[in-house]
Amino acid sequence: EVGGIAAAAKKKQLTALRNYGFNLGIAFQITDDILDIFGKEKEFGKVLGGDIAERKLGNIVMLYALEELNAEDQGEFLKLLRKEKINGRDIKDAVRLIEKTNSRQKAVILAERFIEKAKKQLNYLPQNNWNRALKDIADFVVARRT
């Protein structure tokens with residue numbers, strides 16, 4: 001949106017840029033959540049399972065998993081998260097429980113929905129190389145998952 005302001009864009013274009021950025025940001029975070037649990041450490045550039053170790057229940061994959069796990073597995077998952085110190089084995093156990101669910105697929109679908117919302121906003125902007133670059137950035141956000 002700031003670029004649009006600097007370029008004296010019309011109000012409708014500024015709104016489109018704001019909405020593009022918002023939806024792109026949400027999709028980026030969802031993809032980051034997926035990669036935190038299922039990514040490849042060398043490609044991702046950070047230790048996997050960090051959200052589990054830090055008990056970040058805002059991770060959409062973890063939320064979807066908790067929603068879907070049966071009572072026994074949900075209890076086991078929450079017990080892992082309540083531990084005073086979560087170790088590598090605990091993270092593997094948590095991922096094993098998450099993998100029993102469709103949480104990864106649900107998160108991927110959600111990220112793709114936000115990317116589509118972002119890309120629709122580009123219809124309100126001039127159709128040029130810069131517009132194509134913004135579309136490419138949106139596609140990259142969800143393509144970076146493993």
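## Salt bridge between H5 and H8

The side chains of Glu68 and Lys106 form a salt bridge, with an N to O distance of 3.2 Å. Glu68 belongs to helix H5 (residues 60-68) and Lys106 to helix H8 (residues 103-121), so this pair ties together parts that lie 38 residues apart in sequence. The structure is a predicted model.

Neither partner falls under the 20% cut-off for buried residues or over the 50% cut-off for exposed ones. Glu68 has a relative accessibility of 29% and counts as partly exposed. Lys106, at 33%, is partly exposed as well.

## Other salt bridges

The count of salt bridges in the model comes to twelve. One of them joins Arg18 to Glu1, where the closest N and O atoms are 3.0 Å apart. This pair also links distant parts of the chain: Arg18 sits in helix H2 (residues 11-38), while Glu1 is in the segment before helix H1 (2-6), and 17 residues separate the two. Arg18 is partly exposed, its relative accessible area being 41%. Glu1 is likewise partly exposed, with a relative accessibility of 35%.

Asp90 and Lys83 form a salt bridge through their side chains, at 2.9 Å from N to O. Here the two partners fall into separate accessibility classes: Asp90 is buried at 5%, whereas Lys83 is partly exposed at 31%. Elsewhere, salt bridges with shared partners connect Glu116, Lys119, Arg132, Asp136 and Asp139 into one network.

## Surroundings of Asp90

Asp90 is located in helix H7. Because a relative accessible area under 20% defines a buried residue, Asp90 is classed as buried with its value of 5%. Setting aside residues up to four places away in sequence, Asp90 touches Leu80, Lys83 and Lys85. Among these, Lys83 is the partner of Asp90 in the salt bridge described above.

## Packing of H2 against H8

The axes of H2 and H8 come within 8 Å of each other and cross at roughly 160 degrees. An angle over 145 degrees counts as roughly antiparallel, and the two helices are therefore roughly antiparallel to each other. The crossing of H2 past H8 is left-handed.

On the H2 side, the contact is made by Thr15, Ala16, Asn19, Tyr20, Asn23, Leu24, Ile26, Ala27, Ile30, Thr31, Ile34 and Phe38. H8 contributes Arg104, Ala107, Val108, Leu110, Ala111, Phe114, Ile115, Lys117, Ala118 and Gln121. By residue class, the contact between H2 and H8 consists of 15 nonpolar, five polar and two charged residues. The charged residues are Arg104 and Lys117, both from H8.

## Surroundings of Ile98

Ile98 lies in helix H7, which covers residues 88-98. With a relative accessible area of 1%, Ile98 is buried. Leaving out neighbours within four places in sequence, Ile98 is in contact with Ile37, Phe38, Ile52, Val61, Met62, Ala65, Phe77 and Ser103. One of these residues, Phe38, also takes part in the contact of H2 with H8.

Ile98 and Tyr64 are 34 residues apart in sequence, and their C-alpha atoms are 8.7 Å apart in space. Helix H7 thus supplies two of the buried residues discussed here: Ile98 at 1% and Asp90 at 5%.

Definitions and conventions
Residues numbered from 1 in each chain as written. Predicted model: local features only at pLDDT ≥ 70, side-chain atom pairs only at ≥ 80, totals over all residues. Heavy atoms only, no water. Salt bridge = Lys/Arg side-chain N within 4 Å of Asp/Glu carboxyl O. Helix = DSSP H or I, 4+ residues; strand = E, 2+ residues; numbered from the N terminus. Buried < 20%, exposed > 50% of the residue type's maximum accessible area, 1.4 Å probe, protein only. Axes fitted to C-alpha atoms, helices over the stretch in contact; angles between N-to-C directions. Parallel < 35°, antiparallel > 145°, perpendicular 65-115°, else oblique. Left-handed = near helix turned anticlockwise from the far one by under 90°. Contact = heavy atoms within 4.5 Å.
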